[in-house]
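Colleague: Thanks for making time for me today. Could you put the model up so that we can go through it together?

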Amino acid sequence: MANSPRSSLRTQANQEVKIDKMFKVWTKPEYNTAINKALFKINSLGDGKWETQDKTTEGLTTALQQFYDEPVDFRGLKLAEFDDNELKRTEYEDIQRAYTTLPTGTPTHYYFYKNKIGLHPIPTTAKNLKLLYSTKVTDLTDDADLSPFAPQFDTAIALYVAYFLLSQPGDNRNLQRAQTKLARFNEEMSDLLKMFLYKDRENMRTRSTYIPKSAFRNSRRGRFAYLWDN
């Protein structure tokens with residue numbers, strides 16, 4: 001089943017809000033803002049590890065090409081393979097310190113540099129490079145834009161939209177309804193966390209390590225790996 005467009009998310013959220021106690025009619029832009037808030041909230045609760053946000057991309061390497069572009073929706077890398085062999089993680093700085101001239105051959109490691117993924121050693125042949133990665137959440141800007149989450153998340157999105165709108169500053173008569181929506185949202189998220197968040201190595205083909213690219217850029221060696229098994 002395809003992910004829901006923003007227009008459908010807004011319709012479902014409207015059913016949760018209905019008419020508030022101040023008889024306020026929420027506008028489409030207000031709903032759209034709240035929908036984006038909900039998407040980022042759900043994403044943060046899963047820390048970018050939602051199974052439904054995973055994507056796989058693959059393509060041939062180029063002989064003697066060191067760097068390859070990250071996917072445009074890239075958030076964090078879960079698995080990298082060269083010619084069906086898993087690549088291990090290393091750091092760009094370690095490679096630069098270890099070699100005056102970068103070696104070539106069959107890659108055994110990958111690393112991040114700016115917005116690119118580097119291979120070590122530099123490949124000498126055109127082989128398949130496969131990446132399993134977590135996608136980042138961005139604002140939905142058009143009614144045809146699809147939710148980054150599976151349809152099972154639509155109820156949680158609608159509940160958070162209702163909470164967000166009903167808890168806006170103003171008349172306090174909506175606050176109780178807002179808290180009720182928030183409680184239902186938390187219950188819904190509890191179930192979704194059990195259903196869609198990776199919990200052990202059986203959910204991954206090989207290792208269960210999530211590595212956000214920001215961790216490479218902002219941390220020192222040995223301090224930036226985020227393990228799914230924590």
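Colleague: Let me begin with one residue: does Leu64 count as buried or exposed, and at what relative accessibility?

Modeller: Happy to help, and please keep in mind that this is a predicted model. Leu64 is found in the loop between E1 and E2. A residue counts as exposed over 50%. Leu64 passes that cut-off, so the class is exposed, at a relative accessibility of 59%.

Colleague: What is the phi of Leu64?

Modeller: Leu64 is not a glycine, yet its phi is positive. The value for Leu64 is about 70°.

Colleague: Which residues is Ala63 in contact with, once its neighbours within four places in sequence are left aside?

Modeller: Ala63 sits in the loop between strand E1 (54-60) and strand E2 (67-69). Its relative accessibility is 40%, so Ala63 counts as partly exposed. Ala63 and Thr104 are 41 residues apart in sequence, with their C-alpha atoms 9.4 Å apart in space. With those neighbours left aside, the contacts of Ala63 are Pro123, Thr124 and Thr125.

Colleague: Where is Asp83, and what is its phi?

Modeller: Asp83 is found in the loop between strand E3 (74-82) and strand E4 (85-86). It counts as partly exposed because its relative accessibility is 36%. Asp83 is a residue other than glycine with a positive phi, near 55°.

Colleague: Which residue with a positive phi follows H2?

Modeller: Let me start with the helix. The 18 residues of H2 should span 26 Å at 1.5 Å a residue, and the end C-alpha atoms are 26 Å apart, so the two agree. Its buried residues include Tyr31, Ile35, Leu39 and Ile42, and what covers the buried residues of H2 includes H1, E3, H4 and H5. After H2 comes a residue with phi near 55°, and that residue is Asp47.

Colleague: How many of the 13 residues of H4 are buried?

Modeller: Helix H4 covers residues 154-166, and its end C-alpha atoms are 18 Å apart, which agrees with the expected 18 Å. The buried residues of H4 include Asp154, Tyr160, Tyr163 and Phe164. H4 is mostly covered, and the number of buried residues is 12 of 13.

Colleague: What covers the buried residues of H4?

Modeller: Several of those buried residues are Ile157, Leu159, Val161, Leu165 and Leu166. Their cover includes other helices, namely helix H1 (6-17), helix H2 (28-45) and helix H5 (175-196).

Colleague: Which residues does Asn3 touch, not counting those up to four places away in sequence?

Modeller: Asn3 lies in the segment before H1. At 24% relative accessibility it counts as partly exposed. Asn3 and Phe149 are 146 residues apart in sequence, but 6.5 Å apart in space from C-alpha to C-alpha. On that count, Asn3 touches Leu146, Ser147, Pro148, Phe149, Ala150 and Pro151.

Colleague: What is the volume of the largest pocket?

Modeller: The lining of the largest pocket includes Thr52, Gln53, Asp54 and Lys55, along with Thr135, Lys136, Val137 and Thr138. Leu146 and Pro148 are also among the lining residues. By class, that lining has four nonpolar, four polar and four charged residues. The volume of the largest pocket is about 200 Å³.

Colleague: Which residues form one aromatic cluster?

Modeller: A search of the whole structure finds 11 aromatic pairs. Rings pair if their centres lie within 6.5 Å. One aromatic cluster is formed by Phe67, Tyr92, Tyr111 and Tyr113.

Colleague: Which peptide bond is cis, and what is its omega?

Modeller: The bond involves Pro121, a residue in the loop between strand E8 (116-120) and strand E9 (122-123). The cis bond runs from His120 to Pro121, with omega near -10°.

Colleague: To finish with the whole chain, what share of the contacts with a separation of 6 or more comes from residues 24 or more positions apart?

Modeller: The secondary structure of the protein chain comes to six helices and 12 strands. Of its 230 residues, 45% count as buried. Among contacts with a separation of 6 or more, the share from residues 24 or more positions apart is 74%.

Conventions: Residues numbered from 1 in each chain as written. Predicted model: local features only at pLDDT ≥ 70, side-chain atom pairs only at ≥ 80, totals over all residues. Heavy atoms only, no water. 1 Å grid on protein atoms, 1.4 Å probe; cavity = no way out; pocket = protein on both sides within 12 Å on 5 of 7 lines; lining within 4 Å. Points joined across faces, edges and corners; volume = space filled by probe spheres on them. Nonpolar A, V, L, I, M, F, W, Y, C, P; charged D, E, K, R; others polar. Phe/Tyr/Trp six-rings, centres within 6.5 Å; stacked < 30°, edge-to-face > 60°. Helix = DSSP H or I, 4+ residues; strand = E, 2+ residues; numbered from the N terminus. Expected span 1.5 Å × (residues − 1). Buried < 20%, exposed > 50% of the residue type's maximum accessible area, 1.4 Å probe, protein only. Contact = heavy atoms within 4.5 Å.
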